[in-house]
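Thanks for coming, everyone. Let me put the structure up on the screen, and then I'll walk you through a few spots in it.

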Amino acid sequence: MARSPLFPALVALALTSPLLACGGSTSDAGSGGSSGGGTGGTGAVGGSATGGTAGLGGSTTGGAGGQTTGGSGGMPNECQVPSSTPAPYATTFRFVSKSGASFYLAEDCGLRYRVSSCADGYSATLSLSGDCTIDCNDTQGGCIACGACPFSAKLVTTGSPAETQWAGYTYTYDNSAGCSCHHQFTAPAGKYRVEVDVFASEQDALSGQPSHTASVSFDLKESGGVVEVPLDLLGT
C-alpha cells in the first residue's frame, strides 16, 4: 500500500488512534517526510534533509552512501564488509519467538522497525522507502497522494514468525515543483543493525507501550540474505 510523506505529524496520532496515514515506520518500508530522510515494512520512516535511508523509523542524519556496485564504498574501515556481488542487496528480516512466548509488533502500512548503519555509529535511523513521494528528477507526473493505513498489531509466535523485506536502497527527501520527492541511494556493503519494539499484548502495541526492544547486528553483502531477529529478551 502507498505510504504518506506526513509521518512526523502522525507519530503522536498513531499512539491514540486505530488509524494512521500510510508512512508510519518501520513498516517494513516506510516513507519519508516532505523535507527529510522511516518503519517498514515492516519499518518506520520519517525524513532527514541530510540522511540516507529508513525504515521505518525516520532518519535524521547521513545514510550509507550511494554506491551502485559491490564493496563498502563510503564505509569506515571498521564498518567494511567484502562483497563479490554488486549492490543493491535485497534483505529479508524475520522476527521470531524462540522461547514459546507470544509477542506483538506494531504495524501500519507495514511492520514498524528500524535499520541503522555502522558508518555513523548506528546513531541515525535510515529511511528505507520512497513511497508516497515522487522521484526528485521526475517533475512531470504530479504529486502522489496516499490514503490511510490501519494501525494494528502483528502477532508473532514460535510457529508464526513475521517477515518483511528491504530492497537495499536508502532515501533522502526534498521538494520539487511543490511535491514531496525523494533521492534514492544504494546501501553499500557493510555492517548494519536492525531493531524493533516488542509488545507483550495487542493493546500495548496499539497504545505504543513496548516491553523491550530487540536488535541484531548484521553484514549487508549479498542479495537474498535473511536476518533473523529473536524477539525474546534472552535473544536480543
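Let's start with one residue: Asp197 is partly exposed, at a relative accessible area of 23%. Quick note on those words: buried means under 20% relative accessible area, exposed means over 50%, and partly exposed is in between, with a 1.4 Å probe and protein chains only.

Before I go on, some housekeeping. This is a predicted model, where local features need pLDDT of at least 70 and side-chain atom pairs count only at pLDDT 80 or more, while totals for chains, interfaces and linings use all residues. Residues are numbered from 1 along each chain as its sequence is written, and side-chain values use heavy atoms, with hydrogens and water left out.

Back to Asp197. What does the side chain of Asp197 meet in a salt bridge? That would be Arg114, at 3.1 Å from N to O. By salt bridge I mean a side-chain nitrogen of Lys or Arg within 4 Å of a carboxyl oxygen of Asp or Glu. Arg114 sits in strand β6 (residues 114-117) and Asp197 in strand β13 (residues 190-198), so this pair ties together parts that are 83 residues apart in sequence. Arg114 counts as buried, with 18% relative accessibility. And there's a third member: Glu195 joins Arg114 and Asp197 in a network of salt bridges.

Now the wider view. The protein chain has two helices and 15 strands; these are DSSP runs numbered from the N terminus, helices being H or I with at least four residues and strands being E with at least two. Of the 236 residues in the chain, 50% are buried.

How many salt bridges does a search of the whole structure find? Six. One of them joins Glu163 and Arg94, with the closest N and O atoms 2.5 Å apart. Here too, distant parts of the chain are linked: Glu163 is in strand β10, Arg94 is in strand β4, and they are 69 residues apart. Both ends are partly exposed, Glu163 at 40% relative accessible area and Arg94 at 27%.

Those two strands bring us to a sheet. Three strands make up an open sheet, in the order β10-β4-β15, with mixed pairing. Two strands count as paired if DSSP finds at least two bridges between them. Why do β10 (162-166) and β15 (225-230) each have one side without a neighbour in the sheet? They stand at the edges with a single partner strand each, so one side of each is left without a neighbour there. In the middle of that order, strand β4 (residues 91-96) runs parallel to β15, and six bridges join them. Among those partners, Val96 has Pro230 in β15 as its bridge partner.

Next, a loop. Asp108 is in the loop between β5 (103-107) and β6, and counts as buried at 8% relative accessibility. Asp108 also forms a salt bridge with Arg112, with 2.7 Å between the closest N and O atoms. Arg112 is buried as well.

Last stop: Val81, in the loop between β3 (41-42) and β4. Is Val81 buried or exposed? Buried, at 6% relative accessibility. Its C-alpha atom is 7.5 Å from that of Leu220, although the two residues are 139 apart along the chain.

That's my tour; over to you.
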